[in-house]
Amino acid sequence: MSASSKNVFLGVDIGTSGTKTIAIDAAGNLLAQASAAYPCHHPKPLWSEQDPADWRAATFKTIRAVVKKAELKPADVKAIGLSGQMHGSVFLDKSDDVIRPALLWNDQRTAAECDEIETRAGGRKKLIKLVANPALTGFQAPKILWLRNHEPRNFAKLQKVLLPKDYVRLHLTGERATEVSDASGTLLLDVVNRRWSKPLLSKLELDASLLPACYESEEVTGKLLPAVAKQLGLSTDCVVVGGAGDCAAGAVGNGVVQRGVVNSSLGTSGVVFCHSETPEYDPDGRLHTFCHAVRGKWHMMGVTLSAAGSLQWYADALCKTAGGKSESFDKLVAEAAETAVGADGLFFLPYLAGERTPHADPLARGAFIGLTQAHGRGELTRAVLEGVTYSLRDCLDIMTGLGVTAKEVRATGGGARSEFWRQLQADVFGKRVVSMQADEGPAFGVALLAAVGAGEYASIAEACSATVQTATESKPQAKPRRFYDRGVEVYRSLYQSLKDDYRRIAELTS
């Protein structure tokens, strides 16, 4: 193929800790990648905010980097797909200027607003009937109400609310747009009918004009602005497709676009994700039911808010090297692998940012339980890994209890690159766990969506079939599996024992 006839697609994932951009060809081969980090701010306990300008700067920087690394000409890049952290709220005024720092998915300040939403909707069951999900602190709708309740001057300026990736889209194309998978996590989308819920907006007294136009994930939402195209070294013929929230994007990148295959993602948060042909949902609201990035399909997912984030906290807070740096994950995991299954009776509850599935409890707190003088760093590390994996099994067990078939779990994300952690998932889940040949996460998924939107493939299923391949396989081991089947019951009982104390702790520190 000549240099003038390349068909290249970019995937941009605007994450919590940084933005990653990749370039792939039509066969899914990785041509280049680049990342840029930025900070997360916590002005108060359980608050989590970022400056949207950091996302824009990181996106532009990484796109320029991959264009340079892959030696791409402006006409080579046909389309861009956007993914990103879900649920965040970017509040814009009439000039599209940011009013205040964005409230993120793991921000827990909105418990009162969640109660307000359920009350206005007529109760949890009626709310779930409207939007397929209960009100959770991470979602966008409670954040909008929080702004109205606590910062009325800022609310008076409010003209538009965008999700993180869609703020970046605005700067790429000038379009105020989103797509159904990410919009599902606002709590304002009629998930069954894939459109904004006018009845709920009315009950919440929110103007529908606050929300952007909503597309399917592979649909073209606009083209690059001339000044932006020039700055990025691309063409104004380059289109930007809807893209997807990070969970749905990761699922596309892993080929989770049919029944029987489940995705377990270990990033800052942990997600267990399954494809659904119809809009099925958990009547108790423990799982999220969202639109899939696949047109006309849905998915269910369970979320633990601090997965690899728990290991990061542990390394930063408790495992410093002689030079004052955090110990590497590889060394910590290697030490954990030398310890006994079950960490010699030590349990870790990974509720460092509250918890979503299955408890939906913003007041939950992390804990080591069962500590003795015999425990060393290896046991503590193993307890963290086991605790996070137990939390993912909570999600998986709810799904299978609702009739989901899980023949295979596709493990992805930074934490899943560890052979030990993949084997631990196989033992705790009692399922075959595989890694992926191209583990570029959500960025790969939205690059495939870009390829579909540009006409390279007729459908998302066709794109996945042509490009997605599994790599290694971990099968459950009989002895550890029997132990973890017992251990998970102890793990679950610990939350029940402590949940009233969590509330008392919150009252003490409020």
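Leaving aside residues up to four places away in sequence, Asp107 touches Leu46, Trp47, Ser48, Thr137 and Gly138. This is a predicted model, and Asp107 sits in its loop between β7 (102-103) and α2 (111-121). Beyond that loop, here's a quick look at an open sheet of 7 strands and at helix α11 (residues 308-318).

**Asp107**
- With a relative accessibility of just 1%, Asp107 counts as buried, because the cut-off is under 20%.
- Its side chain gets to the backbone nitrogen of Ser48 at 2.7 Å.
- The Asp107 side chain also has a polar contact with the side chain of Arg109, at 2.8 Å.
- Phe139 is 32 residues away from Asp107 along the chain, and their C-alpha atoms are 9.1 Å apart.

**The open sheet**
- The strands run in the order β18-β19-β17-β16-β22-β23-β24, with mixed pairing.
- β18 (288-291) and β24 (470-474) are the edge strands with a single partner each, so one side of each has no neighbour in the sheet.
- Going from one strand to the next, the twist averages 30 degrees.
- β18 pairs with β19 (residues 298-304) in the antiparallel sense, over 4 bridges.
- Cys291 is opposite Trp298 of β19.

**Helices α13 and α11**
- α13 lies across β16, β17 (270-276), β19 and β22 (406-412), and runs at about 20 degrees to β17.
- In α11, the buried residues are Ala308, Gly309, Ser310, Leu311, Tyr314 and Ala315.
- Those buried α11 residues pack against several elements, including β16 (260-266), α12 (329-337), α13 (377-401) and α14 (419-429).
- Also packed against by the buried residues of α11 are β20 (347-349) and β21 (367-369).

Methods
Residues numbered from 1 in each chain as written. Predicted model: local features only at pLDDT ≥ 70, side-chain atom pairs only at ≥ 80, totals over all residues. Heavy atoms only, no water. Buried < 20%, exposed > 50% of the residue type's maximum accessible area, 1.4 Å probe, protein only. Helix = DSSP H or I, 4+ residues; strand = E, 2+ residues; numbered from the N terminus. Contact = heavy atoms within 4.5 Å. Pairing = 2+ DSSP bridges. Axes fitted to C-alpha atoms, helices over the stretch in contact; angles between N-to-C directions. Polar contact = N/O pair within 3.5 Å; in protein donor to acceptor, adjacent residues only side chain to side chain.
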